[in-house]
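Thanks for sending this one over. Here are my notes, set out point by point so you can follow along in the viewer.

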Amino acid sequence: MEHETQNLIMLGRSGSGKGTQAKLLVDEFNLEYLGTGDLLRAFTERGNPAAIKLKEVLMSGKLVPSWFAFFVWMEKLAYTNIHKGLFFDGSPRKIEEALILDDVLEWFGRANMKVILVDISREEAYHRLINRRVCSQCGKGAYAQDAGAKCKYCHGELTTRMEDSPDAINVRLDWFDEQVVPVIEHYEKKGNLVRVSGMQSPEEVHQEVLKALA
Ligand SMILES: [Zn+2]
């Protein structure tokens with residue numbers, strides 16, 4: 001099936017399942033994937049002074065400045081065939097970034113960009129994240145059924161990730177409400193926001209996104 005070039009941004013609270021949706025869409029439309037975290041981690045391998053400093057910032061858990069995110073996006077964009085669509089995963093994360101990215105995409109002739117929000121409430125996000133576990137043996141993800149539940153693949157102990165402590169979850173959800181919600185409102189005003197309910201199965205979410213993009 002022939003598609004027109006899709007330029008997509010995907011946003012959603014932590015726990016919304018947007019990672020799964022991102023992978024499905026990138027495959028479906030053969031998009032160039034821009035995951036800011038991945039691009040920044042790759043940059044740290046370059047061994048130059050900026051890479052060394054960036055590595056320290058990432059290890060300390062501090063925020064990377066917006067201009068650095070633009071630097072790695074621009075490098076990717078500059079080398080991407082203009083007929084290949086883009087997929088921004090979880091970015092822009094601040095209104096200032098959204099405004100500059102509008103300019104950038106227009107300059108590259110990609111102003112037809114659409115923004116997909118996988119929508120779940122803060123309460124639902126918290127509930128999903130607080131119950132999330134990872135197997136200490138095989139590393140597969142799981143949800144806590146009861147206190148002594150074991151991994152269904154290898155019967156290993158299920159543990160909670162450090163980033164899924166109540167405090168760490170609330171920091172991420174606060175960030176979303178304070179910084180990302182204004183970004184969503186910006187795109188809603190521009191008329192390129194596609195809001196899809198994350199309260200359905202991953203396949204149903206995917207089908208709803210495809211319908212909205214058609
Ligand atoms: Zn396991």
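1. His155 counts as exposed, because 10 C-beta neighbours fall inside 10 Å and a residue with 12 or fewer is classed that way. Its phi is near 65°, a positive value in a residue other than glycine. You will find His155 in the loop between strand E6 (141-143) and strand E7 (158-159). Please keep in mind while reading that this is a predicted model.

2. Asn30 makes a good companion to look at next. Here, too, phi is positive, about 50°, and Asn30 is not a glycine. The residue sits in the loop that runs between helix H1 (18-29) and strand E2 (32-35). Is Asn30 buried or exposed? Asn30 counts as exposed, because there are 12 C-beta neighbours inside 10 Å. As background, most residues other than glycine have a negative phi.

3. Now for a backbone feature of another kind. The peptide bond joining Ser91 and Pro92 is cis, with omega about 0°. Pro92 belongs to the loop between strand E3 (86-89) and H5. In general, most peptide bonds are trans.

4. Following the chain onwards brings you to helix H5, which covers residues 95-107 and has 13 residues. From first C-alpha to last, H5 reaches 19 Å, close to the 18 Å expected at 1.5 Å a residue. Just after H5 comes Gly109, with a positive phi of about 70°.

5. Back to the strands on either side of the His155 loop. Strands E6, E5 and E7 form an open sheet of 3 strands in the order E6-E5-E7, with antiparallel pairing. E6 and E7 stand at the edges with a single partner strand each, so one side of each has no neighbour in the sheet. Strand E5 (residues 132-135) pairs with E7 over 2 bridges, in the antiparallel sense. If you want a spot to zoom in on, Val134 stands opposite Thr159 in E7.

6. Finally, the overall picture. The protein chain contains 8 helices and 8 strands, and its C-alpha trace spans about 55 × 45 × 35 Å along the principal axes. Its radius of gyration is 18 Å, which agrees with the value near 17 Å for a compact globule of 214 residues. Of those 214 residues, 21% count as buried. How many of the contacts between residues at least 6 apart in sequence join residues at least 24 apart? In the protein chain, the share is 68%.

Terms used
Residues numbered from 1 in each chain as written. Predicted model: local features only at pLDDT ≥ 70, side-chain atom pairs only at ≥ 80, totals over all residues. Helix = DSSP H or I, 4+ residues; strand = E, 2+ residues; numbered from the N terminus. Expected span 1.5 Å × (residues − 1). Rg over C-alpha atoms; globule rule 2.2 N^0.38 Å. Buried ≥ 20, exposed ≤ 12 C-beta atoms within 10 Å, placed from the backbone. Contact = placed C-beta atoms within 7 Å. Pairing = 2+ DSSP bridges.
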